[in-house]
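Colleague: I am new to this structure and should be grateful for a guided reading. Could we begin with how its strands are arranged?

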Amino acid sequence: MLKNNMANTTPLLFINDLSVSFSQNETNPNIVDHITFAIQPGEMFALVGESGSGKSVTALSILGLLQHTSSKVKLSGKILYQGMNLLDTPANKLQKIRGNEISMIFQEPMTSLNPLHTITRQI
């Protein structure tokens with residue numbers, strides 16, 4: 001949901017009705033189930049939840065690191081980054097965005113962050 005004071009700005013990242021399922025998971029087909037959120041330019045955003053709630057799968061989906069061309073993974077919805085749907089973006093273009101414009105800090109920060117640089121510089 002967009003904040004009222006930012007309603008007229010275009011989100012930097014807009015996740016619209018994202019669902020992710022794995023065909024081998026018969027008991028809960030949607031690991032991520034119809035989530036929607038927007039991140040405005042300059043805004044800090046945290047995705048929190050219990051273990052197994054789909055936080056990492058959501059981030060991997062945004063980065064295009066799930067094999068969405070595989071028959072085992074199914075993604076639906078939209079992931080709009082600067083107006084471009086990342087689910088439809090070719091792999092070579094995603095490689096240029098990944099790490100330069102969009103990054104993920106994995107759950108173990110000691111293996112993800114470099115202690116020789118400040119957090120500000122790394123983020």
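Modeller: Two strands are said to pair if DSSP finds at least two bridges between them. Please note that this is a predicted model. Here, strand 1 and strand 2 run antiparallel and are joined by six bridges.

Colleague: Which other strand pairs with strand 1, and over how many bridges?

Modeller: Strand 3, residues 73-81, pairs with strand 1, residues 13-22, in the antiparallel sense over eight bridges. Individual residues let one follow the pairing. Ser21 has Asn30 as its bridge partner in strand 2, and Ser21 also stands opposite Lys74 in strand 3. For Val20, the bridge partner in strand 3 is Leu75.

Colleague: How many bridges link strand 3 and strand 4, and in which sense do the two strands pair?

Modeller: They pair in the antiparallel sense over two bridges, strand 4 being residues 84-85. Tyr81 has Met84 as its bridge partner in strand 4. The hairpin formed by these strands has two residues between them, and Gln82 there takes a positive phi near 50 degrees.

Colleague: Let us turn to the interior. What should one look for?

Modeller: In soluble globular proteins, nonpolar side chains tend to be buried together. In this model, the largest nonpolar core has 23 residues, and Val20, Ile62, Ile79 and Leu86 have the most contacts inside it.

Colleague: Which elements each supply at least two residues of this core?

Modeller: Strand 1, strand 2 (30-39), helix 1 (55-63), strand 3 and helix 2 (91-97) do so. Strand 1 gives the most, with five residues. Strand 1 is also mostly covered, as seven of its 10 residues are buried.

Colleague: Is helix 1 mostly covered or mostly open?

Modeller: A residue counts as buried when its relative accessible area is under 20%. By that criterion helix 1 is mostly covered, with seven of its nine residues buried. Among them are Val57, Ala59, Ile62 and Leu63, together with Lys55.

Colleague: Against which strands do the buried residues of helix 1 pack?

Modeller: They pack against strand 1, strand 2 and strand 3. Ile62 offers a detailed example: leaving aside residues up to four places away in sequence, Ile62 touches Leu13, Ile15, Phe37, Ile79, Leu86 and Ile102.

Colleague: Finally, which residue follows helix 1, and what is the sign of its phi?

Modeller: Gly64 comes after helix 1, and its phi is positive, near 70 degrees.

Definitions and conventions: Residues are numbered from 1 along each chain as its sequence is written. This is a predicted model: local features need pLDDT of at least 70, side-chain atom pairs count only at pLDDT 80 or more; totals for chains, interfaces and linings use all residues. Side-chain values use heavy atoms; hydrogens and water are left out. Helices (H or I, at least four residues) and strands (E, at least two) are DSSP runs, numbered from the N terminus. A nonpolar core is a set of buried Ala, Val, Leu, Ile, Met, Phe, Trp, Tyr and Cys residues joined through side-chain atoms within 4.5 Å. Buried means under 20% relative accessible area, exposed over 50%, partly exposed in between (1.4 Å probe, protein chains only). Contact means heavy atoms within 4.5 Å.
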